[in-house]
Structure formats: C-alpha cells, structure tokens
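Visitor: I should be grateful for a close look at a single part of this model, followed by an account of how other parts of the chain are arranged.

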Amino acid sequence: MSQGINGFFILPGGLDQAALESALPSHTVDIQMGSAAPVLMLDCHDQSLRSLGRVLFESRGSLRLVSMQGQVSEQHANGKGQFVQNLPDGPVKAALSGFPTLRALTSIGIGEVEECTLTILDDLQKTQVRGHTLSLRTDRGQVAFVWLQKLRGYDRAFAAACDSLERMSSGGIDDLFDALFPDMMRYRAKPEIALGTQEPSLEVATDLIRTYLSVARQNEAGIVADIDTEFLHDYRVSLRRIRSVVSLFKGVFSDQQTAELKRVFSDLMAPTGRLRDLDVYLLEKDMYLNLVPGNLHVGVQAMFDRFEQERTKELSRLTRHLRSATYETAMTDLAQKFSSPENLIPGPSAERGAYSYACALIWKRYRKTCKLARSISENTPDQTVHDLRIDCKKLRYLMEFFGPLFNAKDFKTILKPLKKLQDNLGLFNDYSVQQEALLAFVSDQSTAQGRVDAQLGLAAGGLIAVLDQRQKAERARVISNFQHFDSPEIRHLFRSLFHHTKE
C-alpha cells in the first residue's frame, strides 16, 4: 500500500500524551496501543536512504518505507542482504527505483515497532481529530511518526493539534537517527575535510591520510561479509587517495619517508587487485553476453563460471589477510603514525601554507595534463592515452583534496568536463585491460588443460574483437572531450584560480 496524509509529524522521544493534552484544553487524547514487534532498520552502507530523507524497516515479513513528508509504501518482502532490483515487484521496490544498483540493503540497527490509533475528543466525548502513530524503539531511544486526519467541521481542533505536535517535532532525518542511534557513525566515502589557507601542508597531508585510513577501515567488515562489491571498491579508492597524497604532495614528507609510505600503501593494495578485477568482470557479465551472438553464449558462460570459482578463492584469501594479526598491527601502527604531524618526518615544503601550495601543485599538474592531451591523435600509442588517464586522475585528486580552499561554483564548472574526459579515458582503459585479461585467461586455460575448449576460445575471440572496436571509438571521444576541457572558459578559470603571476 502507499499513502500520504496531511498533518504528519516526527517526534524524537515519542509522543508525549500529557503534553498534547495540556496543549488542548477541554480535550482528551485516547491512544489505543497495538502490539510491539521486532524491527530491522535497513539502508546501504553509505546510507543513501537517510541522505534522501527516508526510513526503511522490516517487520513481520514486510518492508515499510516512510519519507519525511509522511508518504508510506509497504509490501511483503525481506530486505536484509537484498539488492533493490532483486526485490519482488511492489510499492517499496517502485519507490526505491533510484537506489544504487551496486549497493545491498544491510541492517543499520534493531529494535521494536508499534502502531497505535489516536483519537482527540472534546469534553462531550465527541471525536474531533483522528490519527495513528507508528513508534520505533531501540535500546537507546525512540521516535514516533504521527499522522493526523482532519474531520469535517473540526478545523479548529485539527489546527490546534497540529500546532502542538509541530512544537514537539524534529528538524529532520538526522534528528530521527540521533534519537534512535545516538552513537552511529555516518559513513562517507569522501568526507568533508576542513582546510585553512595558511594551514601547513604537512598538516593537510596528515589530515587527509588519517581520514581516508578511517574510511578504508570502515569497509573491512563489509568485504569479509561479502555484502556487496562496493565495500572493496571504496576500500581501494581510499587507499588510492592516500597513495596520491604521498606521491603528489612533493616535498611535504622527507624523501626517505615518502619512499617508505609508497611501499607500505602499495603493499596494502596488492592483495585486493585480483578480487576487484573479478568483481568488475562478473558485474559486466550481461554486457559481455550482449556483445557476442547467441551461439557463443555457452563459451561466455563457461568463462564466467571459472571467474566465479576463482573469485571464491580470492575472497577467502583476502578475508584471511584482513583478519590477520599482521594486518591489524600494520593498520594500528599507521593510525598512530598519522594521528599527529609530529610523528612524521617533514620535507622542505612541510610548512608551506595550504593555499599557495595547492595553487602551485594544481597549476603544474594542469599544464602537464594539457600538454600531453594536446598530443593525442588517432595514431598515438595506447600507452600514451593510458598515461593521460593517470594524469587526469592525479589532477582531479589534487583538486578534490584542496577544493574547500577555492570557489565552489568555479570548481564545479572545471570538474564537469574533467569528469567527462575521465569517463572516456576510463572506458578506453577498461576495454584495453579487458582484452589483455581475456588473452591471459585463454592462455592460462590452455596451459592448465593442454588445450582451450572450442566454445570458450571462440567466445573470447569474439569479445576481444568487439572490445577492440569499442576502444577505437572511445579514443575518438577522448580527443573530442578534451577540446571541451581545453576551452577558453576552462583555461581562464584554471588561470584565475591557480596561477596568479605572469608566465
């Protein structure tokens, strides 16, 4: 079912019957209690529903979705561990159509839910307002949703009840979660990090690395539980950002410490690479099947069956690594090292103010990126295009690290064409890597079995041919989209933001 009723309120702490009666002289409030039932609160790891002002919970075999405007959707289904697109058709699935397809619903808390009817009567015991409540309770607090229904001829009583409940109501979704789960940590894959223009660059680097170490650690349990593939993706991106700080913040750390940190974070990344590759292949299975004729699908399916088997082994290997005492000690030591800049060995640029340092880094990287991009043509070697992808990624990381120091509107204008160019370069790289992976896969199968299954070989060959054509088409888009990024407007913005002296 779906419904939305005028007169909706969210009350952290629950409905205070005495306070409501006190605000309505000559009226009584009659609440008929329902039976409490266990409830499971659901969202994905990055709390997409919370960000949209929605609450999803499961109780007695049904899912119920409540918005901050009072709309309710309900259907019979179990949600924990499910991807929204895999839910049975129904009002909740329809209402969650924009939910991230790569994220699974997971439990964010447990408690009880109870529904009650609410009646407000005058001193003659005539019903003037009807309504119902839905209360969520945890061991830390409670929240009541209240819907009031206006009855004909009793507008004044309805308005008075609404005014009273409005004074008790919350400011929004965060108040609701604070009431139910006051100690809950809000996960953000890209946290906002406050920077000061004169903050020493060593402090900036320390803040960034400490923050992204924490983000990486928040994904470990999800990787081990194999909830969805985005946990590993976010884990790797966090470590990649840290590696970018180490390598791009020239002169902030001593040369010796820079080399040491590069090795440490490279070693942390290494055990995750193959599992991530397999995740990407398996997520794109339907795409692969659509690339080749139906008579080659048997071979494609055989290939993916083997990817599934290998993924099981890789997940087991990575799980043992993440649970090991060696890993825990390494991460604890890193957290301690980056708890304060005083624990690090400064380089010659360590005390340079964040703003001037950011301008110098970004301007230099921008110039290098444009110089390389302008040399790209139809005949440029693939490796040069790959180098451009890496340069664009480094430029974007630098801009995102130092973004709070600059005009947000100008940054958005610059980042839009850069992101589009990155998307093209990413696809170009994906098509190249996938061709190499297919060739390696066929070679490995041949070595292991003495020959390659005919269907598998034909399927791999067909896929490689199609991927090669797509890679060539993407190269043309790279050239076209760089022209947008290299427009006079974008060049002017880069110069005005990051280059304040004559060349």
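Visitor: Is leucine 493 buried or exposed, and at what relative accessibility?

Guide: Leucine 493 counts as buried, because its relative accessibility is 10%, and the cut-off for that class is under 20%. The model in view is a predicted one. Leucine 493 belongs to helix H18, which comprises residues 488-498. A comparison of sequence and space is available for this residue: glycine 457 is 36 residues away from leucine 493 in sequence, and their C-alpha atoms are separated by 51 Å. For scale, the C-alpha trace of the protein spans about 90 × 65 × 50 Å along its principal axes. Helix H18 is part of a protein with 18 helices and 10 strands, and of its 503 residues, 48% count as buried, as leucine 493 does.

Two cysteines are also buried. Cysteine 370 has a relative accessibility of 2% and therefore counts as buried. Cysteine 392 is buried as well, its relative accessible area being 0%. These residues bear on the disulfide count, which is zero for the structure. The closest cysteine sulfur to that of cysteine 370 belongs to cysteine 392, at 8.4 Å, so the two are too far apart for a bond. Seen from the other side, cysteine 392 takes part in no disulfide, and the sulfur of cysteine 370 is the nearest cysteine sulfur to its own, again 8.4 Å away. A disulfide would require the two sulfur atoms to be within 2.5 Å.

Charged side chains offer a further view, since the structure holds 28 salt bridges. One of them pairs glutamate 74 with arginine 64, with 3.3 Å between the closest N and O atoms. This pair links distant parts of the chain, 10 residues apart: glutamate 74 lies in strand E7 (residues 72-76) and arginine 64 in strand E6 (residues 62-67). Both glutamate 74 and arginine 64 are buried.

A salt bridge within a helix is formed by glutamate 400 and arginine 396, whose closest N and O atoms are 3.0 Å apart. Both residues lie in helix H15 (residues 382-402), where they are four residues apart, about one turn of the helix. Arginine 396 is partly exposed, because its relative accessible area is 21%. Elsewhere, Asp46, Arg103, Asp228 and Asp234 are joined into one network by salt bridges that share partners.

Lysine 93 and aspartate 89 form another salt bridge, with the closest N and O atoms 3.2 Å apart. Aspartate 89 is exposed, because its relative accessible area is 70%, and the cut-off for that class is over 50%.

Finally, a positive surface patch is formed by Lys250, Lys262, Lys364 and Lys368. Of these lysines, lysine 368 can be placed in helix H14, which covers residues 354-374. Lysine 368 counts as partly exposed, because its relative accessibility is 46%. To return to the residue of the request, leucine 493, at 10% relative accessibility, counts as buried.

Definitions and conventions:
Residues numbered from 1 in each chain as written. Predicted model: local features only at pLDDT ≥ 70, side-chain atom pairs only at ≥ 80, totals over all residues. Heavy atoms only, no water. Patch = residues over 30% accessible without salt bridge, like charges linked within 9 Å, V, L, I, M, F, W, Y side chains within 5 Å. Areas by Shrake-Rupley, 256 points an atom, 1.4 Å probe, with all protein chains shown as cover. Salt bridge = Lys/Arg side-chain N within 4 Å of Asp/Glu carboxyl O. Lys, Arg positive; Asp, Glu negative; His and termini not counted. Charge placed at Lys NZ, Arg CZ, Asp CG, Glu CD. Helix = DSSP H or I, 4+ residues; strand = E, 2+ residues; numbered from the N terminus. Buried < 20%, exposed > 50% of the residue type's maximum accessible area, 1.4 Å probe, protein only.
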